[in-house]
Amino acid sequence: LDWKPKLVVKTYSFKIKVEGLEYVSSIGGSVEGMAGCYCLGRCCGIMNDAPIYFEAQGRSGEVTGSFTAFGLPEGAMSRAGLAIKFTLAFVKVDKTVQKIEIDITKVITDSESGGGSSGDDGGDVVEPPTEIELPLDDKVEVEKPTTNPDGGGGFDGDIGDWGDGGEVVLPVE
């Protein structure tokens, strides 16, 4: 048995411009349509029903982050109906959530097709990159919160009209 392991997990990093980060307390996201598991017998990634979740950081008008996957699922390059959906969820300071969705199918397929020779034609085998930077040109705007995070909400704790405040005896047995 002549066996040589290869790296199949890929790390995709991204950077996207965002206006209104001062209204955001945390950022999370997910990617749907990527291979979530890998089949060793067929040497390919297989689509998973669950999205791939990740956390992101926001600084200086940019959101950055990364996620790992097994690349595109088997036959994805030839599948016309393939859609890879990138979702960012901004949790604002008033605890509301604003989501944005971006179709990154073209960005992912372009980065995946930039691999190398498979070695079948006698050329050198060039391993595809395991760290891929996604060029996301979209610009996102986080809307200003509608409620005041420092008060103005909740309930009124006033207990007026409860009588004169006399003593009440509670029977205890």
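The paragraphs below lead through a predicted model of one protein, from its overall make-up to a few single residues.

The protein has 173 residues, and 30% of them are buried. Its secondary structure consists of ten strands and one helix. Read along the sequence, the order of these elements is β-β-β-β-β-β-β-β-α-β-β. The accessible surface amounts to about 12100 Å², and carbon and sulfur atoms account for 50% of that area. Contacts across the chain can be described by how far apart the partners lie in sequence. Of the contacts between residues at least 6 apart in sequence, 72% join residues at least 24 apart.

The helix is a good place to begin with details. Helix α1 covers residues 105-112, and Thr105 belongs to it. Thr105 counts as buried because its relative accessibility is 15%, and buried means under 20%. The side chain of Thr105 makes a polar contact, at 2.5 Å, with the side chain of Asp103. Asp103 is also the residue at which strand β8 (97-103) ends. Apart from neighbours within four places in sequence, Thr105 is in contact with Leu82, Ala83 and Ile84. Strand β7 covers residues 85-92.

Next come two loops, each with a residue whose backbone angle deserves a look. Ser60 lies in the loop between β5 (52-59) and β6 (62-69). Its phi is near 50°, a positive value in a residue other than glycine. Ser60 has a relative accessible area of 78%, so it counts as exposed, the cut-off being over 50%. Lys95 sits in the loop between β7 (85-92) and β8 (97-103). The phi of Lys95 is near 70°, again a positive value in a residue that is not glycine. Lys95 is exposed as well, because its relative accessibility of 65% is over 50%.

The cysteines come last. A disulfide is a covalent bond between the sulfur atoms of two cysteines. How many disulfides does the structure hold? The count is zero. Cys37, for one, is in no disulfide: the nearest cysteine sulfur belongs to Cys39 and is 8.2 Å away. A disulfide requires the two sulfur atoms to be within 2.5 Å, so this pair does not qualify. Cys37 has a relative accessibility of 34% and therefore counts as partly exposed, a class that runs between the buried and exposed cut-offs of 20% and 50%. Cys39 is also partly exposed, because its relative accessible area is 22%.

How values were computed
Residues numbered from 1 in each chain as written. Predicted model: local features only at pLDDT ≥ 70, side-chain atom pairs only at ≥ 80, totals over all residues. Heavy atoms only, no water. Helix = DSSP H or I, 4+ residues; strand = E, 2+ residues; numbered from the N terminus. Buried < 20%, exposed > 50% of the residue type's maximum accessible area, 1.4 Å probe, protein only. Polar contact = N/O pair within 3.5 Å; in protein donor to acceptor, adjacent residues only side chain to side chain. Contact = heavy atoms within 4.5 Å. Areas by Shrake-Rupley, 256 points an atom, 1.4 Å probe, with all protein chains shown as cover.
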